[in-house]
Amino acid sequence: MAGSTLKPGTGKELKRLFAMLTSAIGETLGSLVGRELSVRPLEPEIIDAEGLVAQLERASAVARGALDKEFAGRSLLTLVEVPDAIAMSGMLMMTPEHVINQHRAKGALDGEDAEAFSELGNVLYSGLGNVLRDNLGNADVRMQDQGIVKPGFDQDGILGEGPLVVAPFKLKVADYPESAGYLVIDLATAEAWNKAPLESKSGAVVAAVEGGDAPGAALAGLRPDDDGIETIPAAPIRGKLAAFVQQTEVFRVLRRSCRRVGLELRRHGRGEIPNPAAHRGEIVLLDIPATEERRFEWCRRVKEFGLDTKVVLLLHHPSRGVVTQAFLSKADTILGFPCEELQLSQKLEALLADLPVQTPDS
């Protein structure tokens, strides 16, 4: 999906907030590395992850921030081109300039540079959190993790699914050439920050989101003609489901089930780990491919945090040993995958009966 800038007259509040966030990037990181950083904001766009990576000119380092309070469970991401991430990391460590240039030429953010970039992210999101608290009140953000996206390729799915709103900016670090960066949030969060719906100039993305009558369609990334999903009656939203899935076919079945039973669906990145505190009163679904036994431990941590969170495990290779691990992890529902959509819907319906009634805004 190609990006489209916001229609004139819409997005006023969001543009103002993005301008303050980009300004905070320059002030926070410039102060930290002790060098001049200039950040020049550009016009926000509505786009999806595939469209965003398609327009990248170079590999970019991603610092993913976990939003908190009213926006718990969602993300604010900052993308900067890898050479600039290396340069700022080197400056933080007081690396000699000729060594920084060698690392920039190598083009790999690893070793001490990767560790320093994580520290940059911690301080950056502290500064961005100040902006959010001052302007939104019940909102905050902290550094969660980091990754790399390349032109046309998001291997770890760190950008997530569904429509995104990005705030492009131009970044100039000291005497290095100006480069491209982005702030990224999901469309639902962007509209909440804007305090009004957003519309692109082309109208194409908004039509895709608003064309379906299912509540929560923007979060699930549904489209009217996608896999016949519009043939399923959209039940009123009764709860929320956080999906930590690795395979597209799982998500395809899952979103049909969520539409049928009335669950607001949020897909998390492939490398993201569930935060038990962020999913209280929700359903968490984990698919378990081969060699992903660590996800049983994720399930156990979620269940030990509180009984008001329900966990579904989808086992791709349900051997006796794997099923035993699933039971020991205290999952509420265990299914083998592939499974029929109606079978999954019945299991989700049963879990919903034990959860308090929710609305998309609760």
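1. A good place to start is R133, which counts as partly exposed because its relative accessibility is 32% (buried means under 20% relative accessible area, exposed over 50%, and partly exposed in between, with a 1.4 Å probe and protein chains only). R133 meets D140 in a salt bridge, 2.8 Å from N to O (a side-chain nitrogen of Lys or Arg within 4 Å of a carboxyl oxygen of Asp or Glu). D140 has 18% relative accessibility and therefore counts as buried.

2. Before going on, please keep in mind that this is a predicted model, where local features need pLDDT of at least 70 and side-chain atom pairs count only at pLDDT 80 or more, while totals for chains, interfaces and linings use all residues. Residues are numbered from 1 along each chain as its sequence is written, and side-chain values use heavy atoms, with hydrogens and water left out.

3. The structure holds 17 salt bridges. One of them joins R260 to E341, with the closest N and O atoms 2.8 Å apart. This pair links distant parts of the chain, 81 residues apart: R260 sits in helix α9 (residues 248–261) and E341 in helix α12 (residues 341–352). Helices (H or I, at least four residues) and strands (E, at least two) are DSSP runs, numbered from the N terminus. R260 is partly exposed at 31% relative accessibility, whereas E341 is buried at 12%.

4. K106 and D110 form another salt bridge, their closest N and O atoms being 3.7 Å apart. K106 is exposed, at 58% relative accessibility, and D110 is partly exposed, at 36%. Elsewhere, E57, R58 and E81 are linked in a network of salt bridges.

5. D186 deserves a look too. This residue lies in strand β8 (residues 179–186) and is buried without a salt bridge; the nearest side chain of opposite charge, R74, is 4.1 Å away (Lys and Arg count as positive, Asp and Glu as negative, and His and the chain ends are not counted). The D186 side chain does reach the backbone nitrogen of A188, at 3.1 Å.

6. Finally, turn to strand β13 (residues 333–336), where T333 and L335 point to one face and are buried, while I334 and G336 point to the other and are not. Strand β12 (residues 310–315) runs parallel to β13 and is joined to it by 4 bridges (strands pair if DSSP finds at least two bridges between them). V312 stands opposite T333 in β13.

Notes. Polar contact = N/O pair within 3.5 Å; in protein donor to acceptor, adjacent residues only side chain to side chain.
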